[in-house]
Amino acid sequence: MPQPTAPLRSGTPAGTSALLRRTLRRHAAGVTVITVPGPAGFTATSFCSVSLEPALISFCVGCDASTASAVERADRFAVHLLGPDDAELADRFARRSADRFAGDEHLLEHDGLPLLPAAPAWLTARVVARHPAGDHVLVIGEVDAGGVREETSGLTRHDGGYAVPQPLPPTRTGR
């Protein structure tokens, strides 16, 4: 059995940021592309469900991100849950200055919200709250539509690379 390492501590903000970044590399996170009218979009691993009643979802965007102003103006957003064949799409939407929509046929809803038809699953939501959170903004939305185009494993980010989750064998509870 591996021995636990001594806790890492840092008294400086820069050291704490490095500690958080290093530790979170151990945490697998689902990869999504968030889009808003404009069109604008970016790759995010901060997407999560907030509530079932009402159906609320959230994501975070960096205050200095190239899409931050578009997200600030948006009253709606779409979350595209990516699959194992979507690593190139995730990389394209993660680049700071690339034309993220180049080469993609994206659907525009009547209000200009871009949807990526290649994504295996998607949700759209109406923004209900924005909260400053350090160097990011937390955006919360109420789900108003969605769909699953393909039943597939989700694309995850782990230890600086992409991965696909695999089911584990059932555990024995010893009861």
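A residue is called buried when its relative accessible area is under 20%. By that criterion, buried residues make up 30% of the 175 residues in the protein chain. The model on display is predicted, and this tour moves through it one selection at a time.

**The whole chain**

Begin with the entire chain in a cartoon representation. The protein chain contains three helices and twelve strands. With a surface switched on, the accessible area comes to about 11,100 Å², and carbon and sulfur atoms account for 56% of it. Of the contacts between residues at least 6 apart in sequence, 62% join residues at least 24 apart.

**The seven-stranded sheet**

Next, select strands 2, 3, 4, 5, 6, 9 and 10. They form an open sheet in the order 3-2-6-9-10-5-4, with antiparallel pairing. Strand 3 and strand 4 (48-51) stand at the edges; each has a single partner strand, so one side of each is left without a neighbour in the sheet. Direction ignored, neighbouring strands of this sheet are turned by 35° against each other on average.

Now restrict the selection to strand 9 (121-133) and strand 10 (136-148). Twelve bridges join these two antiparallel strands. Leu123 may be highlighted here, with its bridge partner Gly146 in strand 10. The two strands form a hairpin with two residues between them, and Gly134 in the turn has a positive phi of about 65°.

Add strand 5 (56-62) to the view. Strand 5 runs antiparallel to strand 10, and seven bridges join the pair. Leu56 has Glu142 as its bridge partner in strand 10.

**The edge strand and its helix**

Move to strand 2 (32-36) and strand 3 (40-44). These strands pair in the antiparallel sense over five bridges. Within this pairing, Val33 stands opposite Thr43 in strand 3. Helix 3 (residues 87-94) packs on the sheet and touches both strand 2 and strand 3; the direction of the helix makes about 115° with that of strand 3.

Select Thr43, which is found in strand 3, and show its side chain. Which residues does Thr43 touch, not counting residues up to four places away in sequence? They are Val31, Thr32, Val33, Leu89, Ala90, Phe93 and Ala94. Two polar contacts can be displayed as dashed lines. In one, the side chain of Thr43 reaches the backbone oxygen of Ala90 at 2.5 Å. In the other, a polar atom of the Thr43 side chain lies 3.2 Å from the backbone nitrogen of Ala94. Thr43 and Leu89 are 46 residues apart along the chain, yet their C-alpha atoms are separated by 8.7 Å.

**His80**

Proceed to His80 in strand 6. Is His80 buried or exposed? His80 has a relative accessible area of 0% and is therefore buried, since the cut-off for that term is under 20%. A polar atom of the His80 side chain lies 3.0 Å from the backbone nitrogen of Leu116. Leaving out residues up to four places away in sequence, His80 touches ten residues that may be shown as sticks: Val31, Thr32, Val33, Thr35, Pro114, Leu115, Leu116, Ala119, Ala121 and Trp122.

**The nonpolar cores**

In soluble globular proteins, nonpolar side chains tend to be buried together. To see this model's largest nonpolar core, select Ile34, Val36, Phe42, Phe59, Val71, Phe77 and Val139, which have the most contacts inside this group of 17 residues. Several elements each supply at least two residues of this core, among them helix 2 (68-73) and strand 6 (76-81). A second, separate core of ten residues includes Val31, Ala90, Phe93 and Phe101.

Return to Val71 and display its surroundings. Apart from its neighbours within four places in sequence, Val71 is in contact with Val36, Phe42, Phe59, Val61, Arg130 and Val139.

**The three-stranded sheet**

For the last stop, select strands 1, 11 and 12. They form an open sheet in the order 1-11-12, with antiparallel pairing. Strand 1 (29-30) and strand 12 (161-163) stand at the edges with a single partner strand each, so one side of each is left without a neighbour in the sheet. Two bridges join strand 1 to strand 11 (residues 156-158), and these strands run antiparallel. Gly30 can be selected together with Thr156, its bridge partner in strand 11.

Conventions: Residues numbered from 1 in each chain as written. Predicted model: local features only at pLDDT ≥ 70, side-chain atom pairs only at ≥ 80, totals over all residues. Heavy atoms only, no water. Core = buried A, V, L, I, M, F, W, Y, C linked by side-chain atoms within 4.5 Å. Buried < 20%, exposed > 50% of the residue type's maximum accessible area, 1.4 Å probe, protein only. Helix = DSSP H or I, 4+ residues; strand = E, 2+ residues; numbered from the N terminus. Contact = heavy atoms within 4.5 Å. Polar contact = N/O pair within 3.5 Å; in protein donor to acceptor, adjacent residues only side chain to side chain. Areas by Shrake-Rupley, 256 points an atom, 1.4 Å probe, with all protein chains shown as cover. Pairing = 2+ DSSP bridges. Axes fitted to C-alpha atoms, helices over the stretch in contact; angles between N-to-C directions.
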